[in-house]
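These are my notes from a session of looking things up in one structure. I kept them in the order in which I went through the topics.

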Amino acid sequence: MWRMRLTVIGCAGSFPGPDSPSSCYLLEADGFRLVVDMGHGALGTLQQYAGIADIDAIVLSHLHADHCVDLYALRVARQYAPSGPMPAIPVYGPAGTHERIAKVHGVDDQDGLAERFSFETLVPGRFEIGPFTVEAGHMNHPVETFGLRLSHGGASVAYSADTGESAELVRLASRADVLLAEASFLSTQPGLPPDLHLTARQAAEHASRADARHLVLTHLVPWNDPQRLLEEAAPAFSGTLTLAKTGLAINL
Ligand SMILES: [Zn+2]
């Protein structure tokens, strides 16, 4: 019997790929369903793993479109359900999350978001969401971005969100069972900007420094060759190494 389960819903980086929506992960424990990030197309695939009425809470790591826009789709689905509007569920996100999602709707008044979601502003630190203990910390990315550590019953999953190299990510992922780390770049790409994204090798180095057990490379940009990402990461990490894929489920 597992204590918590991670299911990859979307792992495409920056834009959806042919086989995956943009970022979205489902974490389950004690019958509670927590969705982390809702990028382009995530709500479609999510319904293969959790009903629209069965989602208990949402965390948005940051407000780049590929991590948040489908929250508006969820608002529509929960508002106009044939059985009537569904109760509000909590949405944890950076300051400005409500306003950002209202812009996706595109109409200034009556975006309807406050009736379906209770917005909670993320700040660095530790708090509870349902059965999960959550620790949030700032990542290195051009907008305010939170990396996460989600724990329950002694099991833990850390998530890099989007980040350049980050000592805080190493701290959040310390001895985690799983580190979901973004690997947007290959180190062979010329002119890589700092404080934006990790290479596959840097993701592996972070996992190694954190002594995480299992590294899952994610935020996979569709034009990168996944095999090359694995080849770049493997020499820098001695634990279990996996590429994220829609439907990948890890029971802890
Ligand atoms: Zn981003």
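The entries below cover a metal site, a sheet and its helices, aromatic pairs and two single residues.

**Entry 1, the model.** I am working with a predicted model.

**Entry 2, zinc site.** I looked up which residues hold the zinc ion. The donors are H62 through NE2, H64 through ND1, H141 through NE2 and D162 through OD, at 2.2 to 2.3 Å. I then checked the geometry: the angles among the 4 donor atoms run from 88 to 168°, and the site is irregular. Four donors would count as tetrahedral only if all angles lay between 85 and 135 degrees. I noted the spacing of the donor residues in sequence as H-x1-H-x76-H-x20-D.

Next I placed two of these donors. H62 is in the loop between strand 4 (57–59) and helix 2 (65–68), while D162 is in the loop between strand 10 (155–159) and helix 6 (167–172), so this pair ties together parts 100 residues apart in sequence. I also looked up whether they are buried or exposed. H62 has 0% relative accessibility and counts as buried. D162 is buried as well, at 1%.

**Entry 3, the sheet.** I traced an open sheet of 7 strands, with the order 7-8-9-10-11-12-13 and mixed pairing. Strand 7 (125–129) and strand 13 (240–243) are at the edges; each has a single partner strand, so one side of each has no neighbour in the sheet. From one strand to the next, the twist averages 20°.

I took one pairing in detail. Strand 9, residues 146–152, pairs with strand 10 in the antiparallel sense over 5 bridges. In strand 10, Y159 is the residue that stands opposite L148.

**Entry 4, helices on the sheet.** I looked up what lies across the strands. Helix 7 (residues 200–210) lies across strand 11 (178–182) and strand 12, and runs at about 155° to strand 12. Helix 8 lies across strand 12 and strand 13, at about 160° to strand 13.

**Entry 5, aromatic pairs.** My search of the whole structure gave 5 aromatic pairs. One of them is F15 with W223: the ring centres are 5.4 Å apart and the planes are at 45°, so I logged the pair as tilted. F15 sits in the loop between strand 1 (5–10) and strand 2 (24–29), and W223 in the loop between strand 12 (214–218) and helix 8 (226–233), so the pair ties together parts 208 residues apart in sequence. For accessibility, I have F15 as partly exposed at 31%. W223 is exposed, with a relative accessible area of 65%.

**Entry 6, Q189.** I found Q189 in the loop between strand 11 and helix 7. Its relative accessibility is 25%, so Q189 counts as partly exposed. Leaving out residues up to four places away in sequence, Q189 touches S184 and N224. I also took the distance to Y72, which is 117 residues from Q189 along the chain: the C-alpha atoms are separated by 34 Å.

**Entry 7, F117.** My last lookup was F117, in strand 6 (residues 117–121). F117 is buried at 2% relative accessible area. Which residues does F117 touch, not counting those up to four places away in sequence? I listed L71, L74, R75, A88, I89 and V91. M86, 31 residues from F117 in sequence, is 9.9 Å away from C-alpha to C-alpha.

Conventions: Residues numbered from 1 in each chain as written. Predicted model: local features only at pLDDT ≥ 70, side-chain atom pairs only at ≥ 80, totals over all residues. Heavy atoms only, no water. Phe/Tyr/Trp six-rings, centres within 6.5 Å; stacked < 30°, edge-to-face > 60°. Helix = DSSP H or I, 4+ residues; strand = E, 2+ residues; numbered from the N terminus. Buried < 20%, exposed > 50% of the residue type's maximum accessible area, 1.4 Å probe, protein only. Donors = N, O, S within 2.8 Å, 3.2 Å for Na, K, Ca; no water. Tetrahedral: all angles 85-135°; square planar, octahedral: opposite > 155°, others 65-115°. Pairing = 2+ DSSP bridges. Axes fitted to C-alpha atoms, helices over the stretch in contact; angles between N-to-C directions. Contact = heavy atoms within 4.5 Å.
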